[in-house]
Amino acid sequence: MRVSKQWTDEGRTARKSVSGPRNVTSAREDRRLVRMAQTDRTAFFRQLAAQWSTATGVSLSASSIRRRLLQRGLRARIPLYRIPLTQNHRRLRLHWANVHRSWRADWQQVVFSDKSRFNLWHHDGRIRVRLYAGERLIPECIIERHSGRTPGVMVWGAIAYHG
């Protein structure tokens, strides 16, 4: 109904231009900001704002940087953690996968189990990396951790066919 009324009153169907402040940065400067965020993927928005102001002399707020990176598809996500694998680990895993390639299981005899350890001395999980969709496994988005002994709690669970 709004479009029909606008056509009869004004002879157009497009919305009026949006009011509000204009962008401080151009599309080229936005691409430069994305490159800065990709260079240091774990930098906080405030750190990027400080880097931007020293590099260009123009101040941007952390929320403006967050909005511009979101518009460009760069999202802050929890990084993937992994234990560093040696060449021997990789070789053994590939061998196991090749041996079990054509495995046909009786699913009533299979149990899936997993365990999780909650460490007490490490960070609280608030580290974020900026990435595009599909970039989770690139080396810049992975944080390696060591499996040394630290105080914590281990939780274990299992799922089987009947329960």
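**Figure 1. Arg-68 is a buried residue, with a relative accessible area of 7%.** We start inside this predicted model, where Arg-68 and Asp-30 join their side chains in a salt bridge, at 3.2 Å from N to O. Arg-68 belongs to helix α4 (residues 62-71) and Asp-30 to helix α2, so the pair ties together parts that are 38 residues apart in sequence. Asp-30 has a relative accessibility of 10% and therefore counts as buried, since the cut-off for that class is under 20%. As general background, side chains of opposite charge can pair when their charged atoms come close.

**Figure 2. A salt bridge joins Arg-41 and Glu-135.** Here the closest N and O atoms are 3.2 Å apart. Where do the two partners sit? Arg-41 is in the loop between α2 and α3 (45-56), while Glu-135 is in the loop between β4 and β5. The pair links distant parts of the chain, 94 residues apart. Both Arg-41 and Glu-135 are buried.

**Figure 3. Lys-5 and Asp-9 form a salt bridge within helix α1 (residues 2-10).** The closest N and O atoms of this pair are 2.7 Å apart. Lys-5 and Asp-9 are four residues apart, about one turn of the helix. Are these two residues buried or exposed? Lys-5 is exposed, and Asp-9 is exposed as well. A search of the whole structure finds three salt bridges.

**Figure 4. Five arginines gather in a patch of positive charge on the surface.** The members to look for are Arg-28, Arg-31, Arg-32, Arg-35 and Arg-72. Arg-28 is a handy place to begin: this residue lies in helix α2, which covers residues 27-39. With a relative accessible area of 65%, Arg-28 is exposed, because that class takes values over 50%.

**Figure 5. Ile-138 sits in the loop between β4 (129-131) and β5 (142-144).** Ile-138 has a relative accessibility of 25%, so this residue counts as partly exposed. For a landmark elsewhere in the chain, try Leu-80: the C-alpha atoms of Ile-138 and Leu-80 are separated by 9.6 Å. Along the chain, these two residues are 58 residues apart. Glu-135, the partner of Arg-41 in Figure 2, is also in the loop between β4 and β5.

**Figure 6. Ala-160 is found in strand β6, which spans residues 152-160.** Which residues does Ala-160 touch, leaving aside those up to four places away in sequence? They are Val-110 and Val-111. Gln-108 is another useful reference point, with its C-alpha atom 7.4 Å from that of Ala-160. Ala-160 and Gln-108 are 52 residues apart along the chain. At 34% relative accessibility, Ala-160 counts as partly exposed.

**Figure 7. The protein as a setting for the close-ups has five helices and six strands.** Reading from the N terminus, the order of elements is α-α-α-α-β-β-α-β-β-β-β. The chain has 163 residues, and 17% of them count as buried. How much of the accessible surface belongs to carbon and sulfur atoms? Their share is 54% of a surface of about 13,500 Å². Among contacts with a separation of 6 or more, 77% are between residues 24 or more positions apart.

Terms used
Residues are numbered from 1 along each chain as its sequence is written. This is a predicted model: local features need pLDDT of at least 70, side-chain atom pairs count only at pLDDT 80 or more; totals for chains, interfaces and linings use all residues. Side-chain values use heavy atoms; hydrogens and water are left out. Patches are made of residues with over 30% relative accessible area and no salt bridge: like charges are joined within 9 Å, nonpolar side chains (Val, Leu, Ile, Met, Phe, Trp, Tyr) within 5 Å. Accessible areas come from the Shrake-Rupley method with a 1.4 Å probe; for residues, only the protein chains shown count as cover. A salt bridge is a side-chain nitrogen of Lys or Arg within 4 Å of a carboxyl oxygen of Asp or Glu. Lys and Arg count as positive and Asp and Glu as negative; His and the chain ends are not counted. The place of a charge is taken as NZ of Lys, CZ of Arg, CG of Asp or CD of Glu. Helices (H or I, at least four residues) and strands (E, at least two) are DSSP runs, numbered from the N terminus. Buried means under 20% relative accessible area, exposed over 50%, partly exposed in between (1.4 Å probe, protein chains only). Contact means heavy atoms within 4.5 Å.
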